[in-house]
Each structure stands twice: as structure tokens, then as C-alpha cells.
Amino acid sequence: IEKTFPDRKVRHLNFADALREMVWRDFNLGNLGLTPSDLTKPAIKDMMLTDTKTVRQVLQMIGQLYRDIDEDYWVSKYQNAFIEGWFDGLVTVTSDVRYANEVECIEQMDGVVFRLSRQVNNDNHWSETSLDGWPWNPDIFIDNQPLTERETLDVALKIITPYIERK
């Protein structure tokens, strides 16, 4: 996102950034030459992290554990990071909204919510399906079932560009 809009103060901030940082740190993934942002890559997510769990499964398990303790734990982490950037005049793009409280957080901050329809990695984990059937009206809906990841990104960039340029 930052490279696409070099003349704007734009950043990519996700609800799972703090989770990826935690898993990266606690499992010493820096020793493997990985960064927290590497944990977004499908090949890394599918890598075995323990004898029985992939990186994706560990992210899902730890993320859900903290949600079970405090439903807004990750939302609070996101809001703190968002506020830091807001004071710097940054426009924030978030691409991993998975739960109703995350949608509500963005709406409460006057954000624009896009819905992508494609199921990723045929993953039926609650974090991938929790918004299915939830009664909400996203500001923009993109049916990206037939689209490649690159095509989806191109469509999304065309749609968000006016929002970013007006900020």
C-alpha cells in the first residue's frame, strides 16, 4: 500500500499485526530469518511450526485464545496502533477484518468497509467465516470468487484510491 501511494501518508495496519508479532517473538522466528510480516505469506503460514501445528494453526489458536479471554483484545491493540498513526496524519488501510467487533471498530472510526467474497485456502476456521451470515452492509462489496489474488488487489486499489486521495 505504501509503495502504491508514495505521495500520500498511507500505511497498511491489520488487526492481526500484534498477533503475528507475538507468534514471531515467542516462537523465535527471527532466528529463521523471518519477519512478522512474513507470517502473512501462504507458504510461511503452511509451514510446520511445531510437530503438529502449522504457523496458520498456531496463529488461529493463539488469536482465538486471547479473543476468548477478552473479545476486544486484538481490537484494542489495533486501536492503539491506529491512534499513533492518526496523529501523524496517516491514512490506514486494513485488509484482515474477520469479526463483527472489528467491522464495528472501523465504522466507529468513520472508516470504509469492503467485503471480499472469496474463501481463502478453503479454511473453515471461525476466524475465516465469522462474518458469513452476519447482518451488515459493507460500504463496498467485491465478488472476487473468479479473480486471482493479483486481480483482486488491482480491483481493490482502483476502489480505494479515491478514498486515499481525498484524505
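Is Asp17 buried, exposed or partly exposed? With a relative accessible area of 25%, Asp17 comes out as partly exposed. Keep in mind that this is a predicted model. The legends below start with the whole chain and then zoom in.

**Figure 1. The whole protein has seven helices and four strands.** Reading from the N terminus, the elements go β-α-α-α-α-β-α-β-α-β-α. Of the 167 residues, 37% are buried. The exposed surface adds up to about 10400 Å², and carbon and sulfur atoms supply 51% of that. Take the contacts with a separation of 6 or more: 65% of them join residues 24 or more positions apart. Six salt bridges turn up in the structure, and three of them get a look below.

**Figure 2. Arg20 and Asp17 pair up within helix H1.** H1 covers residues 17-26, and these two partners sit three residues apart, about one turn of the helix. Their salt bridge brings the closest N and O atoms to 2.6 Å. Arg20 is the buried partner, at 9% relative accessible area, while Asp17 is partly exposed at 25%. Another salt bridge joins the side chains of Arg25 and Asp26, at 3.0 Å from N to O. Asp26 is partly exposed too, with a relative accessibility of 47%.

**Figure 3. Asp96 and Arg98 meet in a salt bridge.** Here the N to O distance is 3.9 Å, which still makes the cut because the limit is 4 Å. Asp96 is buried, with just 7% relative accessible area. Arg98 is partly exposed, at 24%.

**Figure 4. Glu102 is buried but has no salt bridge.** This residue belongs to helix H5, residues 100-108. Side chains of opposite charge can pair when their charged atoms come close. For Glu102, the nearest candidate is Arg67, 4.7 Å away, so the pair misses the 4 Å limit for a salt bridge. Arg67 itself is one of the buried residues of H3. What Glu102 does have is the backbone nitrogen of Arg98, 2.7 Å from a polar atom of its side chain. Leaving out neighbours within four places in sequence, Glu102 is in contact with Phe15, Val75, Asp96 and Val97.

**Figure 5. Thr94 sits in the loop between strand S2 (91-93) and H5.** Its side chain makes a polar contact with the side chain of Tyr78, at 2.7 Å. A polar atom of the Thr94 side chain also lies 2.8 Å from the backbone oxygen of Leu13. Skip the residues up to four places away in sequence, and Thr94 touches His12, Leu13, Asn14, Phe15, Tyr78 and Ile106.

**Figure 6. Thr54 lies in the loop that runs from helix H2 (42-45) to H3.** Is Thr54 buried or exposed? Thr54 is buried because its relative accessible area is 15%, and the cut-off for buried is under 20%. Apart from neighbours within four places in sequence, Thr54 is in contact with Lys45, Asp46, Met47, Met48 and Leu49. Ile44 is ten residues from Thr54 along the chain, with 8.7 Å between the two C-alpha atoms.

**Figure 7. Helix H3 spans residues 55-69.** From its first C-alpha to its last, this 15-residue helix reaches 21 Å, close to the 21 Å expected at 1.5 Å a residue. Its buried residues are Val55, Arg56, Val58, Leu59, Gln60, Ile62, Gly63 and Arg67.

Methods: Residues are numbered from 1 along each chain as its sequence is written. This is a predicted model: local features need pLDDT of at least 70, side-chain atom pairs count only at pLDDT 80 or more; totals for chains, interfaces and linings use all residues. Side-chain values use heavy atoms; hydrogens and water are left out. Helices (H or I, at least four residues) and strands (E, at least two) are DSSP runs, numbered from the N terminus. The expected span of a helix is 1.5 Å times one less than its number of residues. Buried means under 20% relative accessible area, exposed over 50%, partly exposed in between (1.4 Å probe, protein chains only). Lys and Arg count as positive and Asp and Glu as negative; His and the chain ends are not counted. A polar contact is a pair of N or O atoms within 3.5 Å; within protein, one must be able to donate a hydrogen and the other to accept it, and residues adjacent in sequence count only if both atoms are side-chain atoms. Contact means heavy atoms within 4.5 Å. Accessible areas come from the Shrake-Rupley method with a 1.4 Å probe; for residues, only the protein chains shown count as cover.
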